[in-house]
Each structure stands twice: as structure tokens, then as C-alpha cells.
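Got the viewer open? Take this as a walk through the model, one selection at a time.

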Amino acid sequence: MTTEVLTANQLKKEAPVFGQLSFNDHEQIVFCQDKDTGLKAIIGVHNTVLGPALGGTRMYDYQTEWDALNDVLRLSRGMTYKSAITGLNLGGGKAVIIGDPKLIKTPELMRRFGKFVDTLGGKYYTAEDIGMETSDMDTVREVTPYVTGISESKGGAGNPSPVTAYGVYMGMKAATKYAYGNDALSGKRILVQGIGHVGEELVRLAKEEGANVIITDINEERLQEVSKKYGADIYRGSDLYAETADIYAPCALGATINDDTINKLNVKVIAGAANNQLAVEGVHGALLQEKGIVYAPDFLINAGGIINVYAEIEGYGRDQIMAKTENIYNTTLEILSKAQEANITTNAAAMRIAEERIENRKKENLR
Ligand code: NAD
């Protein structure tokens, strides 16, 4: 597997489909359309060596269909690495539905989407991502068993976001230990960008430990609410990326570590929930390393959610979910040390271990 993934505007639109740069040996891409409900979706199955591909469905009003394709390619690949590094017997997959959920999401559209998932016969399991609620997964469950993240009342493991936040918190503490010599967040100035399902819980955990938490979001109402609830300060400056702090926690959208932001960053640690934080992994990961910023790989520390939904397939309970999620602390420390020993980026170190696990399983399967 190669390690380079480019952004949507770097896709070569004149190249044949398999030549698109975000393709990374993906096994299968399924384009789904239903005129009656307005459904336009793409399911990306990246790799199923370790098990069925599992990854959430993102519903988003993409500017172009190319952006949606690029997103599903990047996200599904990320899931392969996330499950592999977390030690789960799952492959990587993801789905995107094109459109504004507030405008076009209906139960009929979700059921039609579920039927497309069902046609894959268990090669791909879906779950929630941005633009999706647990109730949407319950609707999908009406037409296919290949869905996780359903309500507890319907036999699911419930909302994965608090578990994701706990894993990010563990990864953040490990990275802090690595950078500062101890893992205490108390007194640390932490910038949390995006205080949605995961960000809010992360704010709660960090505040509970006595951190100085600064929050930012495009939703002013949420800012007021979360600030009041936990006593976090609202960021009112003009450029978050230039802010001096101990820790930057990206918990909104991906690719915020990019050509425009990288030289401004004035933090010691980056640890957050957003997927694909590095716009170009090789380039921006290496620049962070040069700047001496400890980067906790996103796909490693935001795995709490997938640990939670995997429990629905494997049938394990809350204690095991939390224990596996807590172990993100140890894995993060191990990866940070390995990166230093091998003089490679932390992202590359995590990917190397994930790839080794996949390659070993491939060999076992051939025996
Ligand atoms: P969410 O939609 O609940 O929250 C995202 C928040 O970010 C919202 O409050 C939104 O207003 C805000 N936001 C959007 N654009 C912004 C911007 N430019 N600047 C500041 N804030 C902005 O999503 P979530 O479930 O909390 O997930 C957050 C991130 O973590 C996403 O990237 C998601 O893919 C990733 N993630 C989530 C989970 C999970 O279990 N929910 C698991 C793994 C990864």
C-alpha cells in the first residue's frame, strides 16, 4: 500500500477512474442511485483481509460528486488502518450520501440506502458518521442486518461518540506524557476545534482534569451552551491556528493541518477526533516532526467509536469496550516511541504496524 493520499482538487479528472490518486488498492466501490428518494451514495470497500469492512455513513452536501468520491476513498482507507492498529478483526469501509441531511434525509431514503448495503451481503457494515443519528441506523436496520450503531433498546451498543471522546482523551494524555514527561492535563491550554458529539465530551473530560480549555465552533449556540456547562472559554481571536497553546484538538472536519496552517501552528501536541487531519500525510506529517510537534495519529486515537460498534458484532459488553478504549493510551505511547527510534513520522509508524498486521493475516490466510 502506498502512503500518499491527495486532496480532491488534486484528483486528475481526465485520468481513468482507477487512476484517481485517492484510489489505494480499494477492493470495491459501489455507486448507488435511487431517483424516487433522491438517494445518491457511494460505498467504498477498501480492504477486507482482516474481516468485513466497517465504517460509518457520512451525509454531506458535497460541492461536487468528485469531492464525495474523494472523501469516501480517503475515509474507507483510513478505516482499514484504524481497525488494524486497534487489533480488531475488521476491514476498512465507509459510505457517503450526497446531500444536505436537513433537506433530503427521509426514512425512505435511509431504507433505500440500507437495501444497497444489504446487496453487499455482509462485506460492508455501516454505522453513523457526520449527518447521521442513531435513529437513522435503526431505520437502516429495518432492511439489513449489516448495520451497527443502532439504539441500545434495539440491541445496539448505543451512541459511539462518548467512547470516541474517551479514546481521544487517552491518546491526548499519552502524547502529553511523551511531550512533557507526565500525562497531566491540568493547567494545560487546550484548543478544541468543533464541540459536537465528540468534542463536547472531550471538553468535559479535560475540564474535569483541570485543563484550561478554549473552544471554537461555527455554531454559536453550541459554543454558548458548552461554555456555560463546563466553564470552557470561547475562542474570539481571528486565527485559531496561530494561537499559542499546549494542545490542539481538531474535532470538526479533516485536513486542517495543511499548507496554509502548518507554519503557524504554535502547539506542542496535536490530538483530536477528526479523521484525516493531515492534508497530505507524508508532507504534513514530516513537517510536524520537523517542528517538534507530537502528533497522535487520528486513526489510532479516535478508534473508540469503532471499538464500541464492533462490540455489536462480537457481542462483548461495556467493560470490555472501555478497557479496549483505555488501551489507546498504551498503543499511542508505543507508536510515539517507535517513530522516534525509526526516525519516521508518528503517522508512518502507526501505518507500518497496521500494514504488518494485514500482511501477516494475508500470509496466514494463504496457508
Ligand atoms: P459532529 O457533527 O457532532 O460535530 C462536529 C462539530 O464541528 C459541530 O459542532 C460543527 O458545528 C463543528 N464544525 C464544523 N465545521 C467547523 C469549523 N470549520 N470550525 C469549527 N467547528 C466546526 O461530529 P462528531 O461526531 O463530534 O465528530 C467530530 C469529528 O470526529 C469528525 O471529523 C468525525 O468524522 C470524527 N470521528 C467521530 C467519531 C464518532 O464516534 N462520532 C468517531 C471517529 C471519528
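Select Asn 276 to begin: at 15% relative accessibility it counts as buried, because the cut-off for buried is under 20%. This is a predicted model, so keep that in mind at each stop. You'll find Asn 276 in the loop between strand E11 and helix H8 (281-291). Which residues does Asn 276 touch, once neighbours within four places in sequence are set aside? Show Arg 74, Leu 75, Gly 254, Ala 255 and Asp 298, and you have the answer.

Stay with one of those partners, Ala 255. Ala 255 belongs to the loop between E10 and E11. Check its backbone: phi is positive, about 60°, although Ala 255 is not a glycine. Most residues other than glycine have a negative phi. Is Ala 255 buried or partly exposed? At 25% relative accessibility, Ala 255 counts as partly exposed.

Now move along to Thr 261, in the loop between strand E10 (247-250) and strand E11 (269-270). Thr 261 is buried, with a relative accessible area of 5%. Beyond residues up to four places away in sequence, Thr 261 touches Tyr 241 and Thr 256. Zoom in on Thr 256: its backbone oxygen lies 2.7 Å from a polar atom of the Thr 261 side chain. For a long-range view, draw a distance from Thr 261 to Lys 154; the two are 107 residues apart along the chain, and their C-alpha atoms are separated by 44 Å.

Next, a cysteine check. Colour Cys 32 and Cys 251. Cys 32 counts as buried at 2% relative accessibility, and Cys 251 counts as buried too, at 13%. How many disulfides does the structure hold? The count is 0.

Helix H5 is the next selection, residues 161-180. Does its length agree with what its residue count predicts, or disagree? At 1.5 Å a residue, the 20 residues of H5 should span 28 Å, and the end C-alpha atoms are 28 Å apart, so the two agree. Colour H5 by accessibility and you'll see that the helix is mostly covered, with 15 of its 20 residues buried. Step just past H5 to Gly 181, which takes a positive phi of about 90°.

Time for the rings. How many aromatic pairs does a search of the whole structure find? There are 6. Pull up Tyr 60 and Tyr 62: their ring centres are 5.1 Å apart and the planes sit at 70°, so the pair is edge-to-face. Tyr 60 counts as partly exposed at 35% relative accessibility, whereas Tyr 62 is buried, with a relative accessible area of 9%.

Then pick Tyr 125 and Tyr 146, an edge-to-face aromatic pair at 5.4 Å centre to centre with 75° between the planes. Tyr 125 lies in strand E6 (residues 124-125) and Tyr 146 in the loop between helix H4 (134-141) and H5, so this pair ties together parts that are 21 residues apart in sequence. Tyr 125 and Tyr 146 are both buried.

Two tyrosine rings also have a lysine over them. Select Lys 188, which lies over the face of Tyr 180 at 4.3 Å from the ring centre. Then jump to Lys 324, whose charged end sits over the ring of Tyr 316, 5.2 Å from its centre.

Leu 120 comes next, in the loop between helix H3 (107-119) and E6. Leu 120 is buried, with a relative accessible area of 14%. Leave out residues up to four places away in sequence, and Leu 120 touches Gln 28, Val 30 and Ile 43. Draw one more distance here, from Leu 120 to Pro 107: they are 13 residues apart in sequence and 21 Å apart in space, C-alpha to C-alpha.

The last selection is Asn 343, in the loop between helix H12 (328-342) and helix H13 (346-366). What is the sign of phi at Asn 343? Phi is near 50°, a positive value in a residue other than glycine. Switch on the surface to finish: Asn 343 is exposed, with a relative accessible area of 60%.

Terms used
Residues are numbered from 1 along each chain as its sequence is written. This is a predicted model: local features need pLDDT of at least 70, side-chain atom pairs count only at pLDDT 80 or more; totals for chains, interfaces and linings use all residues. Side-chain values use heavy atoms; hydrogens and water are left out. Helices (H or I, at least four residues) and strands (E, at least two) are DSSP runs, numbered from the N terminus. Buried means under 20% relative accessible area, exposed over 50%, partly exposed in between (1.4 Å probe, protein chains only). Contact means heavy atoms within 4.5 Å. A polar contact is a pair of N or O atoms within 3.5 Å; within protein, one must be able to donate a hydrogen and the other to accept it, and residues adjacent in sequence count only if both atoms are side-chain atoms. A disulfide is a pair of cysteine sulfur atoms within 2.5 Å. The expected span of a helix is 1.5 Å times one less than its number of residues. Rings of Phe, Tyr and Trp (its six-membered ring) pair if their centres lie within 6.5 Å; planes under 30 degrees apart count as stacked, over 60 as edge-to-face and the rest as tilted. A charge sits over a ring if NZ of Lys or CZ of Arg is within 6 Å of the ring centre and within 35 degrees of the ring normal.
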